[in-house]
Amino acid sequence: MNVLHISGSPKGERSDSRKLAARFLERYRVRHPSHDIRHVDVFDGRANPGFGAVHAFHKLAPLFGEPQTAEGKRAWVATERLIGDFDRADKILLSCPMWNYSVPWAMKRYLDNLMQPGRTFGFDAETRQHIGLLRDRPVQLILTRSSTDEDDRTDFQLPYLRHVFEAMGLADIRVLSACATTWRSAEDRQAYIDSFTPQLEHAADAL
Ligand SMILES: Cc1cc2nc3c(=O)[nH]c(=O)nc-3n(C[C@H](O)[C@H](O)[C@H](O)COP(=O)(O)O)c2cc1C
């Protein structure tokens with residue numbers, strides 16, 4: 001069994017979502033000492049390569065009946081490595097802050113690498129629906145925001161994440177959101193994080 005932790009904050013040890021994920025994993029390790037836990041930081045450019053024109057042309061060439069270039073094939077090696085690392089995971093833990101109602105750009109870049117037609121999702125021309133091509137497995141989301149509530153109509157973080165995983169075939173999505181992370185004192189901020197311990201432990205036991 002192996003778990004892939006995808007972290008989406010650049011704030012390292014000071015990150016709220018990272019602290020919550022650490023609490024989750026602390027409990028998970030106690031429950032499953034033999035499980036392998038891997039980590040990918042989406043702000044690490046080597047683990048999460050850029051995705052630009054070469055990639056976009058390469059990705060769409062087969063759909064346009066065009067040949068894929070040597071340059072595109074070279075660029076695709078890192079994207080395929082990212083997809084392979086993701087697909088080897090039996091369980092996914094994704095921790096991520098909200099940035100301007102959605103996910104940070106680096107998380108979007110990670111998902112732009114991951115979401116590939118013919119590889120992680122397909123398209124049914126008759127129903128015009130996307131079909132997931134990856135095997136289903138549990139996905140635990142740990143999301144942080146300072147003020148946007150989970151059911152707020154301006155929440156483009158959770159609905160977006162939910163949709164991309166479902167589109168790839170991962171439908172077992174569990175969510176823990178901390179929606180009021182901003183407090184004036186360090187003690188209050190820590191107390192707020194600590195208040196999630198029972199929920200995090202329960203979620204870790206269930207993953
Ligand atoms: C660039 C940026 C944009 C943000 N946008 C939002 C937002 O749209 N809604 C919200 O509730 N909080 C927003 N926040 C607050 C963060 O989501 C919040 O501080 C979160 O706890 C940070 O998690 P982290 O410490 O793991 O990075 C934003 C923070 C930053 C740095």
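**View 1. Polar side-chain contact of T144 with the ligand.** In this predicted model, a polar side-chain atom of T144 is placed 2.9 Å from an oxygen atom of the ligand. The view is centred on that pair of atoms, T144 on one side and the ligand oxygen on the other.

**View 2. Backbone contacts of M98 and S147 with the ligand.** For M98, a backbone N or O atom lies 2.8 Å from an oxygen atom of the ligand. S147 likewise contributes a backbone N or O atom, which is found 2.8 Å from an oxygen atom of the ligand.

**View 3. Residues around the ligand.** The ligand is surrounded by 16 residues, and of these K11, S15, D16, S17 and T181 come nearest.

**View 4. Helix α1 against helix α7.** Helix α1, which spans residues 16-31, and helix α7, which spans residues 197-206, have axes that come within 8 Å and cross at roughly 45°. The two helices are therefore oblique to each other, and α1 passes α7 in a right-handed crossing. On the α1 side the residues that meet α7 are L20, R23, F24, R27, Y28 and R31, while α7 presents T197, L200, E201, A203, A204 and D205. By residue class, this contact of α1 with α7 divides into six nonpolar, one polar and five charged residues.

**View 5. Helix α1 against helix α6.** The axes of α1 and helix α6, the latter made up of residues 186-194, come within 10 Å and cross at roughly 45°. That crossing angle makes α1 oblique to α6, and α1 passes α6 in a right-handed crossing. The contact involves D16, K19, L20 and R23 from α1, together with Q190, I193 and D194 from α6. The residues of the contact of α1 with α6 comprise two nonpolar, one polar and four charged. D16 of α1, which takes part in this contact with α6, is also one of the residues that come nearest to the ligand.

Note on methods:
Residues numbered from 1 in each chain as written. Predicted model: local features only at pLDDT ≥ 70, side-chain atom pairs only at ≥ 80, totals over all residues. Heavy atoms only, no water. Axes fitted to C-alpha atoms, helices over the stretch in contact; angles between N-to-C directions. Helix = DSSP H or I, 4+ residues; strand = E, 2+ residues; numbered from the N terminus. Parallel < 35°, antiparallel > 145°, perpendicular 65-115°, else oblique. Left-handed = near helix turned anticlockwise from the far one by under 90°. Contact = heavy atoms within 4.5 Å. Nonpolar A, V, L, I, M, F, W, Y, C, P; charged D, E, K, R; others polar. Near = heavy atom within 4 Å. Polar contact = N/O pair within 3.5 Å; in protein donor to acceptor, adjacent residues only side chain to side chain.
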